[in-house]
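Reader: Hi! Could you walk me through this model, salt bridges and strands included?

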Amino acid sequence: MSDMRVTGMITSVMKIGEYDRRIVLLTKEVGRISAFVRNARRPNSPFLAASAPFVTGVFYLYRGRDSYSVREIEVREYFSELSADIERTYYGLYFLDVANFYTRENNHEAPTLYLVFRALAALRAGEMAPALVRAVFELRMLTVHGEYPYLARFMDTKEPVDDRPVYGFNLRKDGLVAQGGRQLQKATVRAMDYVIRTDGAAVFSFAVSESVEREFTGLITDYFRYKTGHEFKSLAALSWLQGPSSEA
């Protein structure tokens with residue numbers, strides 16, 4: 001049995017037995033791991049609130065023969081404000097699902113951890129529309145994992161991208177095309193380039209017009225779905241919550 005200290009965020013929680021929980025941690029040091037929290041669901045447990053999704057902090061673990069268990073949690077952030085808005089809560093849960101999809105144990109996952117934290121902070125701040133926060137998060141997640149679209153050359157002609165008012169984008173070609181494709185305003189392409197090139201909290205601090213926001217979020221939603229090929233349960237719940245007119 002050995003002790004370990006990690007910095008991370010709880011991305012998933014499952015009930016085990018009558019009082020225990022199994023949590024999934026996205027950590028800076030050892031990637032995504034699972035751990036058991038004994039007696040977490042007892043009314044007087046110090047882990048009752050500290051073993052919930054979104055909780056970020058320092059986790060002290062000990063490793064048994066086959067699994068980790070939590071000894072202590074120093075909570076730095078609960079993101080409890082998200083619970084006051086069910087739509088933002090489901091956006092946050094979707095971010096956690098995406099993080100679980102992309103990460104693995106013993107990988108260097110610090111960039112993903114920081115991205116999820118900043119996306120949740122942007123949701124909480126409320127200065128950027130949740131749908132735009134989602135699109136920025138998705139494009140940055142693709143960028144962190146080396147799957148972002150190429151915007152410097154046209155993918156059909158291999159020529160450098162020139163200056164024009166409208167550009168074409170092809171999902172299957174992973175970038176801009178000189179002929180055909182989905183039509184994008186120049187400002188939309190600039191927004192994509194900004195997100196791809198910008199790291200840190202500043203990536204969630206830009207503003208665009210309504211038409212660019214609509215174009216940007218619609219494209220990234222489709223592009224992310226195409227690149228991952230995965231159906232996220234939290235996203236289905238969010239779509240149901242937003243109603244039949246939702247593009248989530």
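Author: Gladly, starting with one contact: R140 forms a salt bridge with D199, with the closest N and O atoms 3.7 Å apart. Here a salt bridge is a side-chain nitrogen of Lys or Arg within 4 Å of a carboxyl oxygen of Asp or Glu. This is a predicted model, in which local features need pLDDT of at least 70 and side-chain atom pairs count only at pLDDT 80 or more, while totals for chains, interfaces and linings use all residues. Residues are numbered from 1 along each chain as its sequence is written, and side-chain values use heavy atoms, leaving out hydrogens and water.

Reader: Why does the pair of R140 and D199 tie together separate parts, and how many residues apart are they in sequence?

Author: Helices (H or I, at least four residues) and strands (E, at least two) are DSSP runs, numbered from the N terminus. R140 lies in helix 3, whereas D199 sits in the loop between helix 4 and helix 5, so the pair connects parts whose separation in sequence is 59 residues.

Reader: Is R140 buried or exposed?

Author: Buried means under 20% relative accessible area, exposed over 50%, and partly exposed in between (1.4 Å probe, protein chains only). With a relative accessibility of 9%, R140 counts as buried. Its partner D199, at 57%, is exposed.

Reader: Which other residue forms a salt bridge with D199?

Author: The link comes from helix 2 (residues 110–125), and its two ends are 81 residues apart. The closest N and O atoms are 3.8 Å apart. The residue from helix 2 counts as partly exposed, at 28% relative accessibility. The partner is R118.

Reader: Where do E138 and R134 lie?

Author: Their side chains meet in a salt bridge of 2.9 Å, N to O. E138 counts as buried at 0% relative accessibility, and R134 is also buried, at 4%. The two are four residues apart, about one turn, and both lie in helix 3 (residues 130–144).

Reader: How many salt bridges does the count come to?

Author: Some of them form a network, which links E77, E81 and R124. By the rule above, the count comes to 15.

Reader: Now the strands: what is the order in the open sheet of three strands?

Author: Two strands pair if DSSP finds at least two bridges between them. The pairing in this open sheet is antiparallel. Strand 7 (175–177) and strand 8 (182–185) are the edge strands, since each pairs on one side only. The order is 7-6-8.

Reader: Which residue is the bridge partner of F169 in strand 7?

Author: Strand 6 (residues 166–170) and strand 7 pair in the antiparallel sense over three bridges. The bridge partner of F169 is L176.

Reader: What angle does the direction of helix 4 make with that of strand 8?

Author: Contact means heavy atoms within 4.5 Å, and angles run from 0 to 180 degrees between N-to-C directions, with axes fitted to C-alpha atoms, for helices over the stretch in contact. Helix 4 (residues 186–197) packs on the sheet and touches strand 6, strand 7 and strand 8. Its direction and that of strand 8 make about 85 degrees.

Reader: Which residue is the bridge partner of Y60 in strand 5?

Author: Strand 4 (residues 56–63) and strand 5 run antiparallel, joined by eight bridges. A hairpin connects strand 4 to strand 5 through four residues. The partner of Y60 is E72.
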